[in-house]
Amino acid sequence: MTEHSADLITADAIAEYYDGSVEAFGILLGEGGSIHSGYWPDGERDVSFTRARLNLTELVGDRCRLAPGQRLLDVGSGLGGPAIHLAGACEVRVTGITLSGKQVETSRAKAAAVGCDLVDFHCADALALPFEDGSFDAVMFVETMMHIEDRATAFAEARRVLRPGGRVVVADFVEDTPLSTVESGMLKSVVRSPFMPTREHYRKLAEGNGFSVEEMLDITKQVRPTAEHYNRAVVAARRKLSEAYGVSGAGAIAAMINAFGRVAVRAHGYLLLVAAKP
Ligand SMILES: C[S@@+](CC[C@H](N)C(=O)[O-])C[C@H]1O[C@@H](n2cnc3c(N)ncnc32)[C@H](O)[C@@H]1O
């Protein structure tokens with residue numbers, strides 16, 4: 001890792017990156033407020049990107065196995081869409097945390113706009129969760145782990161704040177074939193991810209931090225159309241992005257999305273890990 005790319009993956013740098021991209025992701029992804037991959041069920045390729053992203057949110061929510069009235073922690077809650085959706089759909093209280101203060105503001109405004117009072121959003125770090133031991137029934141990480149270098153501490157913190165029997169659900173990219181040097185560099189500098197672990201690495205991280213792994217679902221095929229849909233979204237939003245960021249800013253966003261698709265989505269695998277705290 002070069003000094004330059006290492007600097008891009010500190011907590012402050014991640015916060016700055018997401019603070020600065022609230023508007024861009026809003027323009028690109030529109031309603032829904034999620035910044036994650038889509039899930040296209042087998043044989044349903046004509047599902048929209050918005051619906052496919054909702055499918056992934058719902059798949060994760062399903063694996064959290066929550067009963068009405070329970071508490072879910074969304075670590076890396078982005079623009080708040082997944083937390084707000086699952087709060088309503090599962091009738092649970094959802095707390096979202098993110099490093100980005102702008103994302104917190106946007107999420108709170110979105111919850112107020114739709115009249116959802118089952119959610120709360122805070123600026124906090126996955127590596128030092130500001131919550132009591134045993135205070136949640138489930139913890140989810142949707143494309144958050146990829147930004148974290150010390151994933152063992154992230155699992156340990158999730159375990160600490162879960163009640164016995166509670167579940168952690170992780171949805172993220174995994175390395176199925178070794179990355180090339182160019183891809184590794186792009187992963188750090190563009191995706192702001194220090195490394196891409198294998199499926200087994202995630203299993204060991206979960207088990208090594210006291211979880212019992214219940215499911216390791218390979219959803220690579222169902223997630224793969226995401227890259228193409230991101231690229232289409234960039235083309236469709238080019239004028240609005242240019243108005244907001246100037247022509248060169250819009251070009252940089254397009255290059256970032258293209259690189260993201262190439263490194264994270266097209267070339268590699270996707271894992272849904274479900275593990276329980278005994
Ligand atoms: C790709 S976005 C995913 C957002 C959201 N989970 C979703 O699916 O829409 C990554 C999120 O992870 C958050 N994040 C990254 N590292 C974090 C950390 N150490 N602690 C808390 N949040 C973190 C970012 O602030 C951002 O909100």
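This note sets out points on the aromatic contacts and the ligand site of the structure.

1. Basis of the note. The structure is a predicted model, and the remarks below should be read accordingly.

2. Aromatic pairs. Across the whole structure, a search returns eight aromatic pairs. One of these is formed by Tyr-17 and Tyr-18: the ring centres are 4.8 Å apart and the planes meet at 75°, so the arrangement is edge-to-face. The reasoning rests on a cut-off, since planes over 60 degrees apart count as edge-to-face.

3. A second partner for Tyr-18. Tyr-18 also pairs with Phe-25, and this pair is stacked, with 6.4 Å from centre to centre and 20° between the planes. Tyr-17, Tyr-18 and Phe-25 together make up one aromatic cluster.

4. Burial of the cluster. Are these residues buried or exposed? Tyr-17 and Tyr-18 are both buried. For Tyr-18 the relative accessibility is 13%, and the residue therefore counts as buried. Phe-25 has a relative accessible area of 7% and is likewise buried. The cut-off applied here is under 20% relative accessible area.

5. Charges over rings. Two arginine placements deserve mention. Arg-53 is positioned over the face of Phe-49, 4.7 Å from the ring centre. At Phe-195, the charged end of Arg-151 sits over the ring, at 4.0 Å from its centre.

6. Surroundings of the ligand. There are 21 residues around the ligand, and those that come nearest are Ile-35, His-36, Gly-76, Thr-98 and Gln-103. The ligand takes up the space of the largest pocket.

7. Backbone contacts to the ligand. Which residues place a polar backbone atom beside the ligand? At Ile-35, a backbone N or O atom lies 2.6 Å from an oxygen atom of the ligand. At Gly-76, a polar backbone atom is 2.6 Å from a ligand nitrogen atom. Val-142 has a backbone N or O atom 2.9 Å from a nitrogen atom of the ligand.

8. Cover of the ligand. The ligand taken alone exposes 590 Å², of which the protein buries 98%.

Notes: Residues are numbered from 1 along each chain as its sequence is written. This is a predicted model: local features need pLDDT of at least 70, side-chain atom pairs count only at pLDDT 80 or more; totals for chains, interfaces and linings use all residues. Side-chain values use heavy atoms; hydrogens and water are left out. Rings of Phe, Tyr and Trp (its six-membered ring) pair if their centres lie within 6.5 Å; planes under 30 degrees apart count as stacked, over 60 as edge-to-face and the rest as tilted. Buried means under 20% relative accessible area, exposed over 50%, partly exposed in between (1.4 Å probe, protein chains only). A charge sits over a ring if NZ of Lys or CZ of Arg is within 6 Å of the ring centre and within 35 degrees of the ring normal. A residue is near a molecule or strand if one of its heavy atoms lies within 4 Å of it. A polar contact is a pair of N or O atoms within 3.5 Å; within protein, one must be able to donate a hydrogen and the other to accept it, and residues adjacent in sequence count only if both atoms are side-chain atoms. Accessible areas come from the Shrake-Rupley method with a 1.4 Å probe; for residues, only the protein chains shown count as cover. On a 1 Å grid over the protein atoms alone, a cavity is a set of points where a 1.4 Å probe fits but cannot get out, and a pocket is an open set with protein on both sides within 12 Å along at least five of seven lines; lining residues have an atom within 4 Å of a point. A molecule sits in a cavity or pocket if more than half of its atoms lie within 2 Å of its grid points.
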